[in-house]
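Me: I have a structure to go through before I set anything up. Can you take some short questions on it?
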Amino acid sequence: MTLAADDRRFHDLPPATQTAVERRDRLFGWLIASPSLALLFLVILFPVFWALYTSVHDYTLIAPNFDTFNGLDNYVKAVGDPEFRHTLWLTAFFVAAVVLLEFALGFLVALMLNTVERFKSVYYAILLCPLLMNPVIVGLIWRMFLHPSLGIVNYLLSTIGIAPVNWLGSTKVALWTVVMVDIWHQVSFMIVLLLAGLSALPREPYEAARVDGASALRSFWHITLPLMLPVIAVTLLIRLIFAVKTYDLVYIMTRGGPGVATDLVSYFIYRTAFVGLNIGEASAMSAILLVIILALTAWLHRYMRSLT
């Protein structure tokens, strides 16, 4: 009642007074938001601007200055570098593998858990355990588990007659091993978000479909999937962005090896900056990666909106 009365009193004021009140309220809002906006600028926007500025200079750790402006030379070198292009294709394969497999497995588990009534909180706690672990810890644990001679994985395989596998030392297996570890670590994220979406779906369409004699598969295809598209879109977007930036597991488990079998783009940019000491070229690579992520995000968002 107080809010309604205040609203009526506001509309009874002269137009000039209303404009002054609105201007005062906007100013007050900016004052309240200014500390958060300043922190956002310092933490996110300033590093981005600094990287873009560095990318057009010959800035190295040997000569850390902005004396030499070289325009787009760093971008041309990055695009023409066959190793950088290889890491982009490798990252694209890695991202497609982990996102699609995690989504398929996460959606399946979420559908099963959505039908569970008892001990749901216990299942939630178990699922969140891997997700709460730091990626560095996950990499260290799995590197020990996958040791070719001392790891528990090869020991368990030997008990059923399977020869030991060099999980992290074989060019044919190493990337899939990193994919497997990433799925173990991040699939809980998919499950939790998708299960939250499933739990929030209305019951009325399912009751009507049951009355009409629709099967469980038809209900899933014509009710569950269309209603879940917004949740699926958000989940895939978030997971795609984080998968492209994968660095910790590669650094801890393989250091990009064997050879360049697991040299994902984030790790390659790190090597260019702090091993090759070329900060300018690494900044250009980061800017290219940012553009690719923004393009993928915009495309996926538009595609998902076209389905709803």
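Me: Among contacts between residues at least 6 apart in sequence, what percentage join residues at least 24 apart?
Reply: In the protein chain that share is 67%. Keep in mind that this is a predicted model.

Me: How many helices and how many strands does the protein chain have?
Reply: There are 13 helices and zero strands. The radius of gyration is 26 Å, well over the 19 Å from the globule rule for 308 residues, so the chain is more spread out than a compact globule.

Me: What does the C-alpha trace span along its principal axes?
Reply: About 80 × 70 × 35 Å.

Me: What about the surface: how much area does the chain expose?
Reply: The exposed area is about 18,700 Å², with 71% of it supplied by carbon and sulfur atoms. Buried residues account for 36% of the 308.

Me: And charges: how many positive and negative side chains?
Reply: The chain carries 20 positive and 19 negative side chains, and the centres of these two sets are 5 Å apart.

Me: Switching to one residue. Where is Ser-55 found?
Reply: Ser-55 belongs to helix 2, which covers residues 15-55.

Me: Is Ser-55 buried or exposed?
Reply: Buried, because its relative accessibility is 0% and the cut-off for buried is under 20%.

Me: Which backbone oxygen lies 2.6 Å from a polar atom of its side chain?
Reply: The one of Leu-52.

Me: Leaving aside neighbours within four places in sequence, which residues is Ser-55 in contact with?
Reply: Asn-70, Gly-71, Asn-74 and Tyr-75, along with Gly-280, Ser-283 and Ala-284.

Terms used:
Residues numbered from 1 in each chain as written. Heavy atoms only, no water. Helix = DSSP H or I, 4+ residues; strand = E, 2+ residues; numbered from the N terminus. Rg over C-alpha atoms; globule rule 2.2 N^0.38 Å. Buried < 20%, exposed > 50% of the residue type's maximum accessible area, 1.4 Å probe, protein only. Contact = heavy atoms within 4.5 Å. Areas by Shrake-Rupley, 256 points an atom, 1.4 Å probe, with all protein chains shown as cover. Lys, Arg positive; Asp, Glu negative; His and termini not counted. Charge placed at Lys NZ, Arg CZ, Asp CG, Glu CD. Polar contact = N/O pair within 3.5 Å; in protein donor to acceptor, adjacent residues only side chain to side chain.
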